[in-house]
Number of protein chains: 2
Amino acid sequence: MFGNNKSILYFAITLVSVENTITKSSRIREKRKSSKIVKELNKYISVDCVIFGFDYDNLNVLLVDRTLNNDVNGEVLFSDMTLTGNHIYEDEKIEDAASRVLFDLTGLEGIYLEQFKTFANPDRISKPNDRAWLLNDGRDPNKRIVSIGFFALLATQDVTLEWKGRNVKWVPVNEVKELAFDHNDILDEALIALRNKLLQEPIGFELLPDKFTLSQLQKVYEIILGTELDKRNFRKKVARMKYLIPLDEKQKGVAHKPARLYMFSCDVYENTRKDIFGFIV
Amino acid sequence: MFGNNKSILYFAITLVSVENTITKSSRIREKRKSSKIVKELNKYISVDCVIFGFDYDNLNVLLVDRTLNNDVNGEVLFSDMTLTGNHIYEDEKIEDAASRVLFDLTGLEGIYLEQFKTFANPDRISKPNDRAWLLNDGRDPNKRIVSIGFFALLATQDVTLEWKGRNVKWVPVNEVKELAFDHNDILDEALIALRNKLLQEPIGFELLPDKFTLSQLQKVYEIILGTELDKRNFRKKVARMKYLIPLDEKQKGVAHKPARLYMFSCDVYENTRKDIFGFIV
DNA sequence: AATTCTTTGTGTACTTTATACACTTAAAGC
DNA sequence: GCTTTAAGTGTATAAAGTACACAAAGAATT
């Protein structure tokens, strides 16, 4: 019934019609006008977004500067970084809150976003800096805050960072220092979830531009899984994945033999995917 | 670095010493005295436990009867079922809250429990019955409640249900009718998470008694994955899993050839597991 | 125009795993 | 001792995993 069914349904797609049928998971990356209606924020529920960005060399995570100044003399009391996140509006779905955080930072919509874990232990706001930060912000550090963790995947070159006022930047995940609150834990769990997902479903392309080369895709796997892969074997493997559509188009402006470009076809994937596979079947 | 390393570390374990080194994931199923200190419950955060129980024929889920009577004449206003769950105490970790719910219902500790998803959308308490139920209970149905979903795995025969006052029972997952709140959604997501996990890591034995036969283990996979497996191929596959330890002991009291019993060795598993495996490596 | 540099793109032999398939054996109940 | 029931085992074929090396394409340099 499940299992590795070899005679799977397979939709033939000609190279001519490819551009029409291919989207990033049927969602489109585009800008929109911010049409946020100001409503009341829920004080107890927040979403934290671990926004991963790939730049061909590193897996990066988007971090926000958190600097607390002395009210009187302006002296810097401490300065560190946090993951991106926000409290949710009272009538807002949590997925929408995560999309909103992402949109406010990147101006992008429709990018890959997945809930991976929730953090709600009573001691998650216990460090002095965290308490001082919340107090300064008029919040009660003794109240438990539930943080629902999402991770997002995008190509760094697809995004021009825009966050009014606060400093936000890409940091390679293996260069991340001590973060605010329990954000190191959240990042660690996001990485675990990302690795698992990457081994389970074809989401590697979400970290690349719409058109990508096989070497770029291979690099995604190598960097995130921390392993080296053989080029020929990797290509043999992806050749079996009919949803990776070769285009009649090549890389431009590279000082070497230009590679063929590929796209991911969500349609083909949905129609050819095996139900489940892994440990036993 | 990762990948399918064939020369994996392997601890030889003789049949003589097996009983000492084998536990259910190093945790012990035992009873304890309830030592709950009554503290304040957080009104906004709850845990819902999808408690799965396997009985060799079905995958069951533990459900609680929810009947609302008219205060005046005692007439039954409605009667349906819910998943098991509770709000958390103000100083309690969410994993501890889930363990507590489980312990209160089953008297068991140390059983497999995993956070799988959080449910917090604003419309999750919108059905009239749900609102009436909360009102009757002195709670505000307009306040958003975050529910952190956990699933638990156990063998139904390991547990004698004990919940003072309220009716609680095992229901086969494919016979579950409409549940309270968004509990059908939660159950569906728990099933998806269970299937994924079952294909990813050896947790099937968590649904069986400590000592089990290979046919019982096979049945776990068949029922949960909804597929039929070939007996010889299944055994060939588990023969490679060194953490399934054959015992010098056989089934008793069965009207046919008794099967050899096996145990899961958490030690061997931890020492021989490949780091990650699946889609690409 | 020729040379260098860099990355692309391809094939084969071997090993391991997956799949399909049927009969004998052990114990209990009658 | 005969029947019933599930346990336990092997082989042949197909598919996938793994290890490994060199020619070709374009850009940059001389």
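The following paragraphs describe the protein surfaces around two DNA strands and the aromatic pairs of a predicted model.

DNA strand C is surrounded by 22 residues, of which A:Lys231, A:Arg260, B:Lys236, B:Val254 and B:Lys257 come nearest. Of the atoms of this strand that come within 4 Å of the protein, 41% belong to sugar and phosphate. The residues of the surface near DNA strand C comprise 13 charged, 5 polar and 4 nonpolar. Helix 6 of chain A, spanning 231-239, and helix 6 of chain B, spanning 231-239, each supply at least two residues of this surface.

Several side chains of chain B approach the bases of DNA strand C. An N or O atom in the side chain of B:Lys236 is 2.6 Å from a base oxygen. The side chain of B:Asn233 places an N or O atom 3.0 Å from a base nitrogen of DNA strand C. For the side chain of B:Asp230, the distance from an N or O atom to a base nitrogen of the strand is 3.3 Å. B:Lys236 is also listed among the residues that come nearest to DNA strand C.

Around DNA strand D there are 24 residues, and the closest are A:Lys236, A:Lys257, B:Ser215, B:His256 and B:Arg260. Sugar or phosphate accounts for 41% of the atoms of DNA strand D within 4 Å of the protein, and bases account for the rest. By class, the surface near this strand has 13 charged, 5 polar and 6 nonpolar residues. Helix 6 of chain A and helix 6 of chain B each contribute at least two residues to the surface near DNA strand D.

The contacts with DNA strand D involve both protein chains. In chain A, a polar side-chain atom of A:Asn233 lies 3.0 Å from a base nitrogen of the strand. In chain B, a polar side-chain atom of B:Lys231 lies 2.9 Å from a base nitrogen of DNA strand D. B:Arg260, one of the closest residues to the strand, has a backbone N or O atom 2.8 Å from a phosphate oxygen.

Over all chains, a search of the whole structure finds 21 aromatic pairs. One of them joins A:Phe116 and A:Phe151; the ring centres are 5.9 Å apart and the planes stand at 50°, so the pair is tilted. This pair links distant parts of the chain, with A:Phe116 in strand 4 (residues 112-119) of chain A and A:Phe151 in strand 5 (residues 146-155) of chain A, 35 residues apart. A:Phe116 and A:Phe151 are both buried. They also belong to a cluster linked by ring pairs, which includes A:Phe52, A:Tyr112 and A:Phe119.

A further pair is formed by A:Tyr221 and A:Phe234, with ring centres 6.0 Å apart and planes at 55°, so this pair is tilted. Because A:Tyr221 lies in helix 5 (residues 214-225) of chain A and A:Phe234 in helix 6 of chain A, the pair ties together parts that are 13 residues apart in sequence. A:Tyr221 counts as buried because its relative accessibility is 3%. A:Phe234 is buried, with a relative accessible area of 4%. Helix 6 of chain A, in which A:Phe234 lies, is also a contributor to the surfaces near DNA strand C and DNA strand D.

Charged side chains over aromatic faces occur in both chains. A:Arg66 lies over the face of A:Phe181, at 5.1 Å from the ring centre. In chain B, B:Arg66 lies over the face of B:Phe181, at 5.1 Å from the ring centre.

Conventions
Residues are numbered from 1 along each chain as its sequence is written. Chains are lettered from A and ligands numbered from 1 in the order in which they are written. This is a predicted model: local features need pLDDT of at least 70, side-chain atom pairs count only at pLDDT 80 or more; totals for chains, interfaces and linings use all residues. Side-chain values use heavy atoms; hydrogens and water are left out. A residue is near a molecule or strand if one of its heavy atoms lies within 4 Å of it. A polar contact is a pair of N or O atoms within 3.5 Å; within protein, one must be able to donate a hydrogen and the other to accept it, and residues adjacent in sequence count only if both atoms are side-chain atoms. Helices (H or I, at least four residues) and strands (E, at least two) are DSSP runs, numbered from the N terminus. Ala, Val, Leu, Ile, Met, Phe, Trp, Tyr, Cys and Pro count as nonpolar, Asp, Glu, Lys and Arg as charged, and the others, Gly among them, as polar. Rings of Phe, Tyr and Trp (its six-membered ring) pair if their centres lie within 6.5 Å; planes under 30 degrees apart count as stacked, over 60 as edge-to-face and the rest as tilted. Buried means under 20% relative accessible area, exposed over 50%, partly exposed in between (1.4 Å probe, protein chains only). A charge sits over a ring if NZ of Lys or CZ of Arg is within 6 Å of the ring centre and within 35 degrees of the ring normal.
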